[in-house]
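Trainee: I am new to this structure and would like to know the reasons behind the labels.
Mentor: Then ask about them one at a time.

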Amino acid sequence: MSEITEMKNSSHQHHLKLKCIQTCHGCDGCKELVFGSCYKCKNRCDYHLHKECAILDIGSITHPFFKKSHFTFHESPSGPSQTSSCVACGKKVQGFMYKSSSNDAHVLHPCCFKLPHNKTTENHGVINLLEKLPFMSKSCLKCGKKNISNEIKGWAYVSACGKYRYHVACVKDMVVENWNNVRFLQETEGRNRSTFEFIVQQITAVLTGRNVRRYSWTIIKSIVALIISAIFGDSTSIILTLAGSLQN
């Protein structure tokens with residue numbers, strides 16, 4: 001199925017065109033950050049949408065983690081969900097969202113709802129998305145905890161061997177924390193490299209430190225690239241980055 005390069009979305013008066021942006025903006029749908037591949041207003045309005053926020057699933061849909069619930073799309077939080085946090089990343093939901101029909105009323109950002117459940121890498125097996133870190137497993141290698149808060153366990157990507165474990169929320173926070181540094185490095189050291197490549201490289205370096213084995217570096221870089229591409233919008237770059245991580 002070919003990708004939609006231009007569209008009209010009910011959330012904006014002008015047509016939107018699929019672009020690759022190198023600066024960070026706020027998605028006007030979910031209100032989370034977006035860079036890389038996204039839909040941008042053709043009339044030069046400062047209007048951006050994640051692809052997941054522009055191409056929505058309308059009607060009742062399901063999610064593998066909540067098999068007994070059905071989710072529906074909402075343009076903005078209302079009622080009890082006004083103070084709700086996304087069960088995947090733990091961040092407050094402020095705009096576009098999917099809300100479950102269950103008594104627990106789970107809410108998810110569109111990008112979090114559509115996080116890939118697994119990714120196969122050529123030399124390292126499968127990286128799996130888990131609803132929570134298993135009881136017998138060790139904690140997230142970034143925050144050192146099993147849960148991201150007292151109320152929310154938080155989704156995590158875990159390597160098939162179980163050695164590499166990172167909360168989606170932890171990598172998401174690191175993108176925001178390192179954004180200014182990444183922009184500076186890109187301007188001074190590599191104008192021909194994409195923002196996506198720089199942020200993946202920077203965060204992988206922070207997580208691994210200096211003395212790290214090649215195996216560890218490549219699989220951690222794969223996990224970081226998977227999370228960043230899915231959450232922030234640069235899904236077109238992930239295949240090249242994952243392939244490159246197995247060769248570098």
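**Reasons behind the labels**

Mentor: This is a predicted model. As a starting point, Ile 61 stands opposite Phe 71 in E6.

Trainee: What makes E5 and strand E6 (residues 66–74) a pair?

Mentor: Two strands pair if at least two bridges are found between them. Two bridges join E5 to E6, and the strands run antiparallel. The condition of at least two is met, so E5 and E6 count as paired.

Trainee: Which sheet do they belong to, and which strands are its edge strands?

Mentor: The sheet is open, with four strands in the order E5-E6-E7-E8 and antiparallel pairing. Its edge strands are E5 (61–63) and E8, each of which pairs on one side only.

Trainee: How do you know that strand E2 and strand E3 pair?

Mentor: The cut-off is again at least two bridges. Strand E2 (residues 15–26) and strand E3 (residues 33–41) are joined by eight bridges and run antiparallel. Eight satisfies that cut-off, so E2 and E3 are a pair. Within them, Leu 16 stands opposite Cys 41 in E3.

Trainee: Why do strand E1 and strand E4 stand at the edges?

Mentor: The order in this open sheet of four strands is E1-E2-E3-E4, with antiparallel pairing. Strand E1 (6–8) and strand E4 (48–49) each have a single partner strand, so one side of each has no neighbour in the sheet.

Trainee: Why is His 109 called buried?

Mentor: Buried means under 20% relative accessible area. His 109 has 2%, so the word applies. His 109 lies in the loop between strand E8 (107–108) and helix H2 (110–113). Leaving aside residues up to four places away in sequence, His 109 touches Glu 32, Cys 86, Cys 89, Lys 91, Lys 92, Val 93, Phe 96 and Lys 172.

Trainee: What makes a space a cavity and not a pocket?

Mentor: In a cavity a 1.4 Å probe fits but cannot get out, whereas a pocket is an open set. The count comes to one cavity of 30 Å³ or more. The largest cavity holds about 30 Å³ of space. Its lining includes His 109, Glu 32 and Lys 172.

Trainee: How do the lining residues of the largest cavity divide?

Mentor: They divide into four nonpolar, two polar and two charged.

Trainee: And what lines the second largest pocket?

Mentor: Among its lining residues are Phe 66, Asp 104, Gly 154 and Trp 155. The lining divides into five nonpolar, two polar and five charged residues. Gly counts as polar, so Gly 154 belongs with the polar ones. The volume of this pocket is about 220 Å³.

Notes:
Residues numbered from 1 in each chain as written. Predicted model: local features only at pLDDT ≥ 70, side-chain atom pairs only at ≥ 80, totals over all residues. Heavy atoms only, no water. 1 Å grid on protein atoms, 1.4 Å probe; cavity = no way out; pocket = protein on both sides within 12 Å on 5 of 7 lines; lining within 4 Å. Points joined across faces, edges and corners; volume = space filled by probe spheres on them. Buried < 20%, exposed > 50% of the residue type's maximum accessible area, 1.4 Å probe, protein only. Contact = heavy atoms within 4.5 Å.
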